[in-house]
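The following exercises concern salt bridges, helix packing and surface character. Each task is followed by a worked solution.

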Amino acid sequence: MTTPLADATAPACVICLRPLWVEEQHRYACRPCTLRISGDLAAIPGLYAQLPTVLTPGSGSGGPAVSGSRTAPLPLRIEPLSLHAKGGVVALLQSWIEDWHETLGYQPQRWTGGLQQQCEQAAARLQLLLPWAAEEHPAIDDMAREVREMRRACERQVTGEPPERKIRLACPCGRVLAVTLDTLGRECGCGVRYGRAELFDLPLADRRQVAA
């Protein structure tokens, strides 16, 4: 039995803006985007555990960490430190659990252990509630974007990968859409909504055009 196809008039996934398949139309997020969120949540605790190893200058980018010197210790790198600190990765994950619990009428989550344990607990709790959120939470697109950005930020610090390059694409209305290769979909200020395939079919913008 073949699956009924989506059409252009069907409700769209709020993340990638692709029309939802018939059996998905009770959802805010399509199944591929839900799986992508799940993958990001699964990756974050392991990346978080590696952040302390790249706190010193020269680490995390292929260079040796400096140790054993009689000179004053080098300052810590701000980027991985801010991600690993109490207000970084863990705070972001916990904020979404607070939001989802409030929406569901659940009691506040109780956290135990250190930040690494709390990171693992938060990622596991979000994984558990993700099927509900994909169907019922209208801000699942904000959650997906923030979790993806947090994963990519951790990956860049751990691997030394440079920030993603922005690509400027021209909408026929004249506006410029600044996106990256990770962008799944985008709505232009003129109201046109582009899925990933349609977005990257757009021509490159002229350098003189200003991003919307």
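**Exercise 1.** In this predicted model, classify Glu24 as buried or exposed, and identify its salt-bridge partner.

*Solution.* Glu24 has a relative accessible area of 3%. Buried means under 20%, so Glu24 is buried. Its side chain meets that of Arg18 in a salt bridge, with an N to O distance of 3.2 Å. Arg18, at 25% relative accessible area, is partly exposed.

**Exercise 2.** Determine which parts of the chain the salt bridge between Asp40 and Arg148 links.

*Solution.* The two side chains meet at 2.9 Å, N to O. Asp40 lies in helix H1 and Arg148 in helix H5 (residues 140–159), so the pair, 108 residues apart, links distant parts of the chain. Asp40 is buried, with 2% relative accessibility.

**Exercise 3.** Establish which network contains the salt bridge of Arg152 and Glu161.

*Solution.* The side chains of Arg152 and Glu161 meet at 2.8 Å, N to O. Through shared partners, salt bridges join Asp40, Arg148, Arg151, Arg152, Glu155, Glu161 and Asp182 into one network. Within this pair, Arg152 is buried at 13% relative accessible area, whereas Glu161 is partly exposed at 32%.

**Exercise 4.** Derive the relative orientation of helices H1 and H4.

*Solution.* Helix H1 (residues 31–50) packs against helix H4 (residues 115–136) at about 175 degrees, and their axes are 9 Å apart. Angles over 145 degrees count as roughly antiparallel; therefore H1 is roughly antiparallel to H4. The contact includes Thr34, Ile37 and Leu41 of H1, and Leu115, Cys119 and Leu126 of H4.

How values were computed. Residues numbered from 1 in each chain as written. Predicted model: local features only at pLDDT ≥ 70, side-chain atom pairs only at ≥ 80, totals over all residues. Heavy atoms only, no water. Axes fitted to C-alpha atoms, helices over the stretch in contact; angles between N-to-C directions. Helix = DSSP H or I, 4+ residues; strand = E, 2+ residues; numbered from the N terminus. Parallel < 35°, antiparallel > 145°, perpendicular 65-115°, else oblique. Contact = heavy atoms within 4.5 Å. Salt bridge = Lys/Arg side-chain N within 4 Å of Asp/Glu carboxyl O. Buried < 20%, exposed > 50% of the residue type's maximum accessible area, 1.4 Å probe, protein only.
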